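Colleague: Please take one part of this model and go through it closely, then place it in the chain as a whole. Give the cut-off for each term when you bring it in.

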Amino acid sequence: MAFNSVLHALWYLNMAASAVLFIRLYFQRLAGIYPFLIAFFLAQSLEQILELAFGGGRHLNTYARIYFAGQGVKFVLVILVVLELFDRALIQQPALAIFGRRMVGYVFSIAVG
């Protein structure tokens, strides 16, 4: 089996897993609780679909633009997902949540810098 075939199979498997996870989160009514997580899965799926469509040899510039734009959007969404999960985990301890959110903000600011 050629490497390209394995790559495409893994790509489709990843898209299917993202779709299943999104559907499960939606039907368990967790989509409203974790909107940034849902946005991350949608951005990931959209990026993969566009990369698959423009992954040919003639569209390397378009593929690169999709990849870098997708990575930028997903980087921001990952930060928001971490903050969202942090808030949900510490909903009973507001002072600890404020301190932790501030520390996570500092760490992400340093990482971006």
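Modeller: A43 makes a good starting point: beyond its neighbours within four places in sequence, A43 is in contact with V73, K74 and L77, where contact means heavy atoms within 4.5 Å. The model is a predicted one, in which local features need pLDDT of at least 70 and side-chain atom pairs count only at pLDDT 80 or more, while totals for chains, interfaces and linings use all residues. Residues are numbered from 1 along each chain as its sequence is written, and side-chain values use heavy atoms, with hydrogens and water left out.

A43 and L77 both belong to the largest nonpolar core, whose eight residues are L25, L37, I38, F40, F41, A43, L77 and V81. Such a core is a set of buried Ala, Val, Leu, Ile, Met, Phe, Trp, Tyr and Cys residues joined through side-chain atoms within 4.5 Å. Buried stands for under 20% relative accessible area, exposed for over 50%, and partly exposed for what lies in between, with a 1.4 Å probe and protein chains only. Two elements, α2 and α3 (60-89), give two or more residues each to this core. Helix α2 supplies the largest share, five residues. Helices here are DSSP runs of H or I with at least four residues, strands are runs of E with at least two, and both are numbered from the N terminus.

K74, one of the contacts of A43, also takes part in a salt bridge. Its partner is E47, and the closest N and O atoms are 2.7 Å apart. Because E47 is in helix α2 and K74 in helix α3, the pair ties together parts that are 27 residues apart in sequence. The term requires a side-chain nitrogen of Lys or Arg within 4 Å of a carboxyl oxygen of Asp or Glu. Side chains of opposite charge can pair when their charged atoms come close. Both partners are buried: E47 has a relative accessible area of 5%, and K74 has 9%. A search of the whole structure finds one salt bridge.

Q48 is also in helix α2, which covers residues 35-53. At a relative accessible area of 7%, Q48 is buried. Its contacts, leaving aside neighbours within four places in sequence, are W11, N14 and M15.

F36 is another residue of α2. F36 is partly exposed, with 34% relative accessibility. Residues up to four places away in sequence aside, F36 touches L77, L80, V81 and E84. Two of these, L77 and V81, are members of the core described above. The C-alpha atoms of F36 and A16 are 20 Å apart, at a sequence separation of 20 residues.

The loop between α1 (3-27) and α2 holds R29. R29 has a positive phi of about 60° and is not a glycine. R29 is exposed, at 70% relative accessible area. In helix α3 there is R65, which is likewise exposed, at 60%. R65 and E51 are 14 residues apart along the chain, and their C-alpha atoms are separated by 9.7 Å.

As for the whole, the protein chain has four helices and zero strands, in the order α-α-α-α. The C-alpha trace spans about 55 × 40 × 25 Å along its principal axes. The radius of gyration is 17 Å, where a compact globule of 113 residues would have one near 13 Å; the value is taken over C-alpha atoms, and the globule rule is 2.2 Å times the number of residues to the power 0.38. Of the 113 residues, 22% count as buried. Among contacts with a separation of 6 or more, 57% join residues 24 or more positions apart.

The accessible surface comes to about 8100 Å², and 71% of this belongs to carbon and sulfur atoms. Areas come from the Shrake-Rupley method with a 1.4 Å probe, and for residues only the protein chains shown count as cover. L96, F99, M103 and Y106 make a nonpolar surface patch of about 400 Å². Patches consist of residues with over 30% relative accessible area and no salt bridge, with like charges joined within 9 Å and nonpolar side chains (Val, Leu, Ile, Met, Phe, Trp, Tyr) within 5 Å. M103 is in helix α4, residues 94-112, and is partly exposed at 32%.
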